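Work through the exercises below with the coordinates open. Try each task before reading its solution.

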Amino acid sequence: MTLKGINKILFGGDYNPEQWDKSIIDEDIKLFKKAGIDIVTLNVFAWAMLQKSEDEYDFSFLDYTMDKMRQNDIKVCLATSTAAHPAWMAKKYPDILRTDFYGRKRKFGLRHNSCPNSQTYRKYSAELAGRLAERYKDYDNLVMWHISNEYGGECYCENCEKEFRRWLKAKYKTLDALNKSWNTFFWGHTFYDWDEIVLPNILSEHSDENSTAFEGITLDYRRFNSDSMLSCFNIEAKEIKKHTPDIPITTNLMGFYKTLDYQKWAKSMDFISWDNYPFADTPFEEVAMSHELMRSLLKKPFSLMEQTPSVTNWQDYNPLKRPGVMRLLSYQAIAHGADTVMYFQLRRSRGACEKMHGAVIDHVGSSQTRVFKECAELGGELKALGDTFLGADTKSKVGLLFDWDNWWATELCAGPTKLKDYKAGATRYYKALNNLNISTDIISVEDNLSDYKLIIAPMLYMIKDGFSKKLKKFVSGGGTLITTYMSGMTDCSGLVTTLGYPGELRELLGVWVEETDALMPFCENTIITKDFGTYPAYILCDVLHAEGAKAIAKYGKEFYADTPVITKNHFGKGCAYYVATSSNYEFYNNFLEKICKELKISPVMKTPYGVEATKRFKGKNEFTFLLNHTGAVQSVVLDKSYRCILKNKTFEAGHAVSLNPYDVMIITPVKDKAKRS
Amino acid sequence: MTLKGINKILFGGDYNPEQWDKSIIDEDIKLFKKAGIDIVTLNVFAWAMLQKSEDEYDFSFLDYTMDKMRQNDIKVCLATSTAAHPAWMAKKYPDILRTDFYGRKRKFGLRHNSCPNSQTYRKYSAELAGRLAERYKDYDNLVMWHISNEYGGECYCENCEKEFRRWLKAKYKTLDALNKSWNTFFWGHTFYDWDEIVLPNILSEHSDENSTAFEGITLDYRRFNSDSMLSCFNIEAKEIKKHTPDIPITTNLMGFYKTLDYQKWAKSMDFISWDNYPFADTPFEEVAMSHELMRSLLKKPFSLMEQTPSVTNWQDYNPLKRPGVMRLLSYQAIAHGADTVMYFQLRRSRGACEKMHGAVIDHVGSSQTRVFKECAELGGELKALGDTFLGADTKSKVGLLFDWDNWWATELCAGPTKLKDYKAGATRYYKALNNLNISTDIISVEDNLSDYKLIIAPMLYMIKDGFSKKLKKFVSGGGTLITTYMSGMTDCSGLVTTLGYPGELRELLGVWVEETDALMPFCENTIITKDFGTYPAYILCDVLHAEGAKAIAKYGKEFYADTPVITKNHFGKGCAYYVATSSNYEFYNNFLEKICKELKISPVMKTPYGVEATKRFKGKNEFTFLLNHTGAVQSVVLDKSYRCILKNKTFEAGHAVSLNPYDVMIITPVKDKAKRS
Amino acid sequence: MTLKGINKILFGGDYNPEQWDKSIIDEDIKLFKKAGIDIVTLNVFAWAMLQKSEDEYDFSFLDYTMDKMRQNDIKVCLATSTAAHPAWMAKKYPDILRTDFYGRKRKFGLRHNSCPNSQTYRKYSAELAGRLAERYKDYDNLVMWHISNEYGGECYCENCEKEFRRWLKAKYKTLDALNKSWNTFFWGHTFYDWDEIVLPNILSEHSDENSTAFEGITLDYRRFNSDSMLSCFNIEAKEIKKHTPDIPITTNLMGFYKTLDYQKWAKSMDFISWDNYPFADTPFEEVAMSHELMRSLLKKPFSLMEQTPSVTNWQDYNPLKRPGVMRLLSYQAIAHGADTVMYFQLRRSRGACEKMHGAVIDHVGSSQTRVFKECAELGGELKALGDTFLGADTKSKVGLLFDWDNWWATELCAGPTKLKDYKAGATRYYKALNNLNISTDIISVEDNLSDYKLIIAPMLYMIKDGFSKKLKKFVSGGGTLITTYMSGMTDCSGLVTTLGYPGELRELLGVWVEETDALMPFCENTIITKDFGTYPAYILCDVLHAEGAKAIAKYGKEFYADTPVITKNHFGKGCAYYVATSSNYEFYNNFLEKICKELKISPVMKTPYGVEATKRFKGKNEFTFLLNHTGAVQSVVLDKSYRCILKNKTFEAGHAVSLNPYDVMIITPVKDKAKRS
């Protein structure tokens with residue numbers, strides 16, 4: 001993200017003065033100043049205030065707020081307010097209400113409540129976005145647009161059903177193609193008329209949300225639903241661009257959010273922003289992995305649009321972020337590519353379901369709370385940092401492939417185990433890379449593979465058109481590929497290959513997977529490697545035949561004991577590994593460390609477990625972030641001389657720097673001999 | 001309850017001869033006589049029999065039964081039969097059928113099945129009640145009215161939706177007031193027309209039964225629903241009073257039943273009656289606590305309307321009540337203020353879902369069963385007791401505050417932990433008081449606080465209008481208050497205070513709660529007191545600042561270690577404690593024992609764990625009940641000389657009386673020197 | 001089952017060439033030949049292909065397939081394709097769609113999707129069956145008919161509601177009779193008009209699928225639903241019989257499938273066939289028990305219609321069948337009376353929800369897979385066996401009573417414990433009999449009891465009209481009866497006896513059960529026998545009085561310690577045991593071993609645990625099957641001289657034969673002295 005005239009990491013967050021008397025704004029602005037807050041996200045949920053009836057628009061309160069912000073030199077991320085429609089609109093135009101997975105037509109309530117294919121919704125949301133852009137286009141503090149909010153959910157209404165048929169017609173052209181693609185000859189579900197097709201939910205093909213009789217129809221429905229919402233985004237974006245073509249547009253994403261294909265969405269977004277709400281017990285590596293995904297979507301710095309300064313309220317148990325943890329998580333975002341640090345929310349609501357959600361300014365309205373003080377301290381630091389690493393790049397030699405269609409398709413595939421989990425499959429590899437401090441991009445099948453030395457594609461179940469060729473070219477050109485069980489099995493429709501698994505990848509990997517054993521709970525097999533130990537094998541075990549590949553590990557048990565479990569196949573100038581099962585973290589760490597060493601992919605730095613190290617590059621400078629995610633003091637031996645930016649202190653190579661619990665250190669190499677600290 | 005001409009504890013229960021041939025009545029009456037049964041509840045579910053179609057009423061069978069009872073000098077508690085409408089009525093007037101939380105219009109079936117706002121229901125239920133009262137008003141054995149049965153459940157039909165809007169209009173007058181109260185500016189849910197408001201359920205604001213996006217609307221819905229059913233009760237009561245103004249009216253309550261605000265209902269009831277169905281593993285203190293609530297509603301003796309003589313059938317596992325346990329539970333009710341002992345049911349049904357529910361007379365129809373014999377033995381005892389302590393009072397110096405609005409509001413509050421549990425919060429305190437044998441009333445915010453020395457108000461989350469003043473007056477006048485975490489947070493609408501928690505109580509308690517830590521499962525902190533030991537801290541830990549109050553205990557762990565967890569604040573002539581977390585029973589026992597000692601609130605008697613001691617007062621006499629809830633022999637040392645009423649035996653002070661497993665002893669002080677037992 | 005011209009165990013399974021290009025058929029036939037496959041089930045799900053619109057039938061593809069099979073001398077089991085209706089039919093005639101238990105009208109999707117009372121369904125399914133029969137009647141390789149597929153599920157549509165009322169009217173004649181039977185006086189649910197009756201589901205009498213307020217209505221609904229589907233079967237069968245009166249008709253059953261009363265269905269079926277899909281952790285005895293039921297339905301050999309050659313896909317975890325296990329399970333079916341070995345499926349689908357289900361021919365289409373090779377080996381063995389024991393009988397002296405009405409009624413009975421489980425109650429006894437290698441039939445109340453020496457009737461809760469007399473006649477004639485807790489309690493409507501439990505069996509058993517204690521989880525009592533040890537007592541404990549019966553075991557604990565728990569009553573020439581609780585397998589093994597010994601019921605052979613032994617009789621020959629269900633080598637000492645049929649080897653009496661893991665041995669006695677092996 002590049003924002004005109006911004007030369008620091010923006011600091012602020014969601015602000016909802018419409019819930020308060022106007023007088024509160026002045027008080028809040030004073031507190032903003034005190035905390036170093038220089039950006040507010042306005043207007044996220046104010047549609048009902050802005051449009052009081054079909055013909056009555058009233059921007060007076062927003063005018064007032066916008067003016068106040070401009071007067072006080074506070075930047076604005078302006079939302080379009082279309083994430084929740086007004087009650088009057090629901091009453092007047094019920095087509096705007098969604099129908100849920102259980103076939104129930106909803107009434108007014110909650111948010112994410114508009115049917116994405118409702119003509120009413122599309123018409124009025126576009127109109128509102130256009131009016132806002134026209135009205136506020138000349139506010140020089142308006143630096144970014146925020147369309148709707150956390151798009152999500154699904155709709156199964158009749159209108160969506162009709163649109164789905166149109167979407168299918170556009171995709172398949174003929175029913176014959178559709179029937180083949182979905183294999184409707186199975187159970188005699190052949191369609192002879194487009195209108196015979198109904199949405200796949202509990203009333204038709206599903207027995208629960210993830211169990212469908214025809215993965216083809218459900219897969220297409222998920223694509224359609226994601227596309228439908230993306231259309232809503234695009235319709236608003238188009239209206240805005242008419243008035244403010246140069247102000248970048250985003251919508252706040254939610255990390256690995258299964259319902260929407262963010263890799264497809266990213267193409268429509270000027271920059272990526274997202275909301276980071278880890279649970280108290282979420283491993284830090286999983287937070288990091290989400291940041292990598294967000295950065296990798298456009299391969300550019302992103303905006304941390306929301307995080308809580310203290311607590312969430314919607315988790316089962318909402319512990320306080322310990323002193324220092326909010327700062328740590330803020331820097332973790334920056335370390336992985338964020339160029340803003342923003343909160344939900346600046347002032348805590350008095351009523352409704354987020355009143356217990358933390359805020360910079362608490363109900364009591366004071367600057368004397370621990371939370372306010374920690375925010376203000378961070379605000380000060382960010383101000384001091386200025387543009388030091390604003391816009392800095394991340395460079396990765398490892399690409400971890402993640403693909404929404406595969407996520408959906410593996411989940412919808414009936415069998416071989418309910419424990420298959422696409423996201424978890426990828427996370428096992430990512431966690432090891434993170435612990436090794438190996439910089440990693442989360443890439444899509446459309447990315448340029450030649451940027452990487454190592455591509456890891458866990459559970460590459462569905463092979464999209466042309467992708468096997470792309471992979472072969474990558475490997476034959478010298479790249480290294482790792483893939484796993486449940487790979488190469490189907491085409492884009494989920495139709496299984498008849499080439500023998502892993503289908504189009506069989507030659508590249510040099511193996512034929514004959515069958516796959518799903519382990520009962522509490523059962524495990526073993527992976528016996530030649531040179532790096534023995535590990536457990538979990539969940540699924542392919543029984544395979546090496547066809548050219550070399551076994552580098554074999555199973556230890558069952559009737560397939562002593563047959564290959566990990567193979568390596570030389571292909572052109574590169575090689576391809578097949579890992580036929582899943583294992584524990586020790587395995588992934590050792591396996592990937594070994595391979596990265598062979599490929600000369602270096603870690604950012606060696607650190608003890610719990611201290612993350614990442615690097616960003618700006619011009620000829622580079623910045624290393626050391627993040628202590630533990631509650632204990634940790635020590636890191638520096639590989640060369642560095643200057644600590646926050647403390648402006650220099651350390652010699654070989655010096656063991658000490659990190660307090662939850663503390664952060666940002667260091668940059670120094671050429672001249674460092675003085676002792 | 002005072003019943004004209006009744007000079008003993010009535011003994012009997014639900015009787016449904018309409019399920020049998022008429023001949024059974026004679027046989028049953030013989031068995032009633034044998035068992036000492038002198039009251040039957042008739043006509044609980046006979047609407048379909050009494051009103052066979054819109055215009056056709058037929059009271060012949062009830063006439064027959066009523067006559068039989070009168071001839072045999074058996075009192076009648078006459079029910080109005082309106083707890084389940086006839087099938088023909090459901091077919092002819094579907095408006096009588098409820099719509100459930102999931103938006104499903106129900107068909108005929110179950111009970112509690114009438115929409116409380118159905119005009120059909122109100123019209124015909126009132127008419128039936130009136131006809132019954134007119135017809136049977138001259139039966140001198142008709143001693144009480146029993147309207148409907150176990151009111152409960154909810155309805156979400158269109159008719160209720162319309163009535164809800166009317167109810168809201170009456171409450172709020174303007175939409176502006178309503179919007180503010182519900183904070184509808186949040187998520188832009190502002191209403192511009194009353195008709196835009198829909199009932200809060202799974203189709204609108206809820207994600208499950210207790211999760212709502214707007215606690216304001218749900219809180220009002222729960223109040224409305226409770227009120228709607230109370231109207232139904234009142235409509236019937238009014239018809240009855242026209243004919244029998246002097247016969248007291250009740251409906252059978254269900255202890256701590258969350259759906260209905262019994263404190264509000266009590267105002268419309270002539271006396272309280274309730275149905276006591278503990279699970280086999282319900283602690284005896286919880287049963288006691290329900291009795292306290294029931295007695296405290298009107299501060300008068302109540303009726304034990306139902307209990308099973310042997311087994312229930314609807315629990316997952318229905319063990320037999322061990323020999324003696326039914327008697328013990330009957331006396332426990334009396335010990336806490338009951339003036340009747342009644343069963344569901346006198347004769348066991350042959351078919352439908354309660355056929356496996358225990359009864360005095362079993363399917364086999366014999367007087368030779370263990371259960372019949374135990375009932376008959378109790379019947380004999382009650383006859384012998386006569387009016388010894390009929391109508392006797394209970395005197396308590398401790399009031400435990402329990403408030404339905406707070407129950408609903410804390411549950412609907414999204415955050416900070418799913419383990420917050422209002423009822424459990426109160427139970428922790430009650431259990432300790434019960435174990436200390438400290439007599440306790442369960443009081444409402446409308447009660448007269450000056451009756452008490454100690455008020456305990458756990459989780460006093462919502463401060464109703466004027467209540468903080470009332471508490472201050474109580475404390476400044478010399479009273480002692482204990483309150484806890486999650487107190488003083490909101491007004492009646494659930495809008496959070498901006499005064500700093502605990503809001504209006506901040507001055508009284510002398511503390512400011514800055515923030516609250518919700519503990520992850522399996523985590524705990526510690527409470528370190530100065531003079532009574534160290535205890536665990538569970539679930540929620542407030543981080544607070546003493547503002548005048550003195551810390552009497554501090555946290556042992558986390559970043560808020562060594563900060564106050566229990567504080568004491570002198571205020572006027574009294575003092576107020578704040579307990580910022582929850583703990584184990586040892587803590588509550590020791591904490592309350594210490595405070596009661598300081599306040600000179602004496603226990604009824606000292607007993608070993610498992611032996612409950614309560615006292616009732618009649619004129620200048622007092623009666624102490626010793627209840628052995630354990631399966632072992634227990635020994636109690638008497639503090640003075642007593643006469644045992646059931647055995648007519650006298651014991652000296654200091655004597656250690658022995659209680660057999662599940663046995664009961666009722667003793668009354670004697671002035672003269674007792675002879676040795 | 002007797003099939004004209006078949007002189008071997010047919011080997012094959014479901015084949016769906018309509019999912020593939022025609023060319024695949026030739027390839028597959030080659031593979032069939034290789035595997036010894038001689039029968040295919042065709043046309044299971046092809047309705048949409050055969051009837052493309054209301055008037056357009058197209059049999060060309062089926063003609064092609066049928067011709068191919070005939071040319072290649074492959075037998076055909078021809079299905080009628082009516083288990084899933086076409087999409088166009090659902091769109092045109094929505095009455096064909098079911099309404100589910102939650103009152104939701106379904107849309108097109110899944111299978112088992114037709115309302116059994118839909119006139120559209122009945123008309124077109126009958127027409128299709130008739131057309132198929134007429135068209136293919138002259139194919140001499142058409143050896144059996146397979147109507148629909150795995151009938152099941154329920155429908156709650158308005159049409160079913162109307163039919164239900166007709167069904168009730170035919171059954172009860174008057175509403176008075178119905179009201180009495182359902183005890184509708186309870187809760188005043190009396191019906192005055194047939195049209196007031198609604199289907200019992202979540203909208204009416206149910207709180208969940210197995211909890212009903214009126215077991216009478218739900219019991220009748222289950223009977224009605226089973227009957228409705230049976231009508232559908234009969235309608236098709238009638239059309240088929242017009243054209244092919246001599247070709248036997250079946251539908252594939254599913255073992256103990258609660259929804260359909262297979263004992264009633266069997267009367268309409270020419271032979272029984274079923275689908276055997278054990279879970280990886282299903283005990284082998286439970287598989288055996290299902291085979292016994294299937295054989296006992298018509299007391300004739302049955303068809304194993306489906307099993308997976310390797311994996312299922314729909315279980316939570318789908319492990320591979322270990323090498324040998326598929327063969328073992330195939331022989332287990334034969335050992336219990338199967339005369340075919342058939343698979344679902346011969347070729348694996350490429351798409352939709354069964355694509356991961358195992359098949360003889362995998363996606364890769366090769367004969368080189370482990371699974372294909374194991375199938376082909378079995379195919380060879382079965383060819384070699386020819387008609388050696390085709391059509392052979394099973395002879396049992398023990399009858400285990402199992403009754404669908406009792407299954408439904410005990411489940412619908414509210415109380416006394418949720419752990420009562422009719423099927424489990426029967427399984428406890430069966431498992432012991434299986435482990436003792438005592439041949440057992442699973443019989444119905446209509447079977448001829450005089451065929452047996454011992455009848456075991458666990459939880460004989462509902463006594464059907466005349467059945468108590470039948471039992472008395474059996475026992476007084478010299479038979480032995482064992483029954484248990486929850487017996488003799490109700491009549492056919494579920495109305496409880498007033499004779500004292502066990503009601504009509506009280507005299508026969510010589511006991512009166514006064515009451516029943518339901519044990520809380522983790523509680524147990526003990527059974528102390530006089531001469532065969534002490535055992536735990538679980539779940540339910542009747543408290544009973546011996547009235548002529550002799551206690552052969554007493555309780556060890558609780559207030560009913562030292563009272564009878566197992567009694568024996570001499571009645572005429574026989575005797576009747578009452579077992580008042582449930583226990584562990586050791587108890588059942590010892591108890592039944594003792595009784596069988598007394599009754600001179602001999603085991604097939606003595607084997608170690610895990611080796612099953614069964615026997616079939618053909619003419620003067622008998623064949624003993626030894627099945628090693630363990631993963632270890634097992635040894636069995638032969639009681640006389642035998643010839644091993646598969647290996648054509650002879651063993652002397654007393655020889656200890658060795659069975660490899662999962663191996664099978666079929667032996668037949670030899671008269672002459674056997675040579676040493």
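The exercises that follow concern a predicted model, and each has a worked solution.

**Exercise 1. Symmetry**

Task: Find the turn and the shift that lay chain A on chain C, and name the relation.

Solution:
- Step 1. Superpose chain A on chain C: the turn is 120° and the shift along the axis is 0.0 Å. The RMSD is 0.0 Å.
- Step 2. Name the relation. A turn of 120° with a shift of 0.0 Å is the relation of a three-fold axis, so chain A and chain C are related in that way.
- Step 3. Look for the C-alpha of chain A nearest the axis. It belongs to Arg104(A), 5.5 Å from the axis.
- Step 4. Repeat with chain C on chain B. The turn is 120°, the shift along the axis 0.0 Å and the RMSD 0.0 Å.
- Step 5. In chain C, the residue closest to the rotation axis is Arg104(C), with its C-alpha at 5.5 Å.

**Exercise 2. The contact between chain A and chain C**

Task: Describe the contact between chain A and chain C by residues, buried area and salt bridges.

Solution:
- Step 1. Count the residues: chain A gives 57 and chain C gives 47.
- Step 2. Take the area. About 4,600 Å² is buried between the two chains, and carbon and sulfur atoms give 59% of that.
- Step 3. Pick out the main contributors. Trp187(A), Tyr192(A) and Leu203(A) supply 16% of the area that chain A buries against chain C, more than any other three residues.
- Step 4. Turn to charge. Chain A and chain C share six salt bridges. One of them pairs Asp517(A) with Arg322(C), and the closest N and O atoms are 2.7 Å apart. The cut-off is 4 Å, so this pair qualifies.
- Step 5. Add the polar contacts: 29 residue pairs between chain A and chain C, both residues at pLDDT 80 or more.
- Step 6. Find the element that gives the most to the side of chain A touching chain C. This is strand 18 (residues 511-518) of chain A, with six residues.

**Exercise 3. The contact between chain C and chain B**

Task: Carry out the analysis for chain C and chain B, in terms of residues, area and salt bridges.

Solution:
- Step 1. Here 56 residues of chain C touch 47 residues of chain B.
- Step 2. The buried area is about 4,600 Å², with 59% on carbon and sulfur atoms.
- Step 3. Trp187(C), Tyr192(C) and Leu203(C) supply 16% of what chain C buries against chain B, more than any other three residues.
- Step 4. The salt bridge count between chain C and chain B is six. One to inspect joins Glu515(C) to Arg370(B), with the closest N and O atoms 2.6 Å apart.
- Step 5. Polar contacts come to 28 residue pairs, both residues at pLDDT 80 or more.
- Step 6. Strand 18 (residues 511-518) of chain C gives the most to the side of chain C that touches chain B, with six residues.

**Exercise 4. A salt bridge within one chain**

Task: Locate Arg222(A) and its salt-bridge partner, and place both in their elements.

Solution:
- Step 1. Start from the total: the whole structure holds 143 salt bridges over all chains.
- Step 2. Measure the pair. Arg222(A) bridges to Glu411(A), and the closest N and O atoms are 2.8 Å apart.
- Step 3. Place the partners. Arg222(A) sits in helix 8 (residues 215-243) of chain A, and Glu411(A) in helix 13 (residues 404-412) of chain A.
- Step 4. Check the separation. The two residues are 189 residues apart, and the pair links distant parts of the chain.

**Exercise 5. An open sheet in chain A**

Task: Give the strand order of the five-stranded open sheet in chain A, then find its edges.

Solution:
- Step 1. Read the order: 25-26-31-28-29, with antiparallel pairing.
- Step 2. Identify the edges. Strand 25 (611-618) and strand 29 (649-651) of chain A each pair on one side only.
- Step 3. Get the twist: it averages 30° from one strand to the next.
- Step 4. Examine one pairing. Strand 28 (residues 642-644) and strand 31 (residues 664-669) of chain A run antiparallel and are joined by three bridges. Among the partners, Arg643(A) is bridged to Thr668(A) in strand 31 of chain A.
- Step 5. Add the helix. Helix 11 (residues 325-335) of chain A lies across strands 25, 26 and 31 of chain A, at about 145° to strand 26 (621-628).

**Exercise 6. Ala553(B) and its partners**

Task: Which residues pair with Ala553(B) in chain B?

Solution:
- Step 1. Strand 19 (residues 525-529) and strand 21 (residues 550-555) of chain B run antiparallel, with three bridges. Ala553(B), in strand 21 of chain B, stands opposite Thr529(B).
- Step 2. Strand 21 also pairs with strand 22 (residues 564-571) of chain B, antiparallel over four bridges. There the partner of Ala553(B) is Ile566(B).

Notes
Residues are numbered from 1 along each chain as its sequence is written. Chains are lettered from A and ligands numbered from 1 in the order in which they are written. This is a predicted model: local features need pLDDT of at least 70, side-chain atom pairs count only at pLDDT 80 or more; totals for chains, interfaces and linings use all residues. Side-chain values use heavy atoms; hydrogens and water are left out. Copies are superposed by least squares on the C-alpha atoms of residues with pLDDT of at least 70 in both. Two strands pair if DSSP finds at least two bridges between them. Axes are lines fitted to C-alpha atoms, for helices over the stretch in contact, and angles run from 0 to 180 degrees between N-to-C directions. Contact means heavy atoms within 4.5 Å. Buried area is the accessible area (1.4 Å probe) that two parts lose on being put together, summed over both. A salt bridge is a side-chain nitrogen of Lys or Arg within 4 Å of a carboxyl oxygen of Asp or Glu. A polar contact is a pair of N or O atoms within 3.5 Å; within protein, one must be able to donate a hydrogen and the other to accept it, and residues adjacent in sequence count only if both atoms are side-chain atoms.
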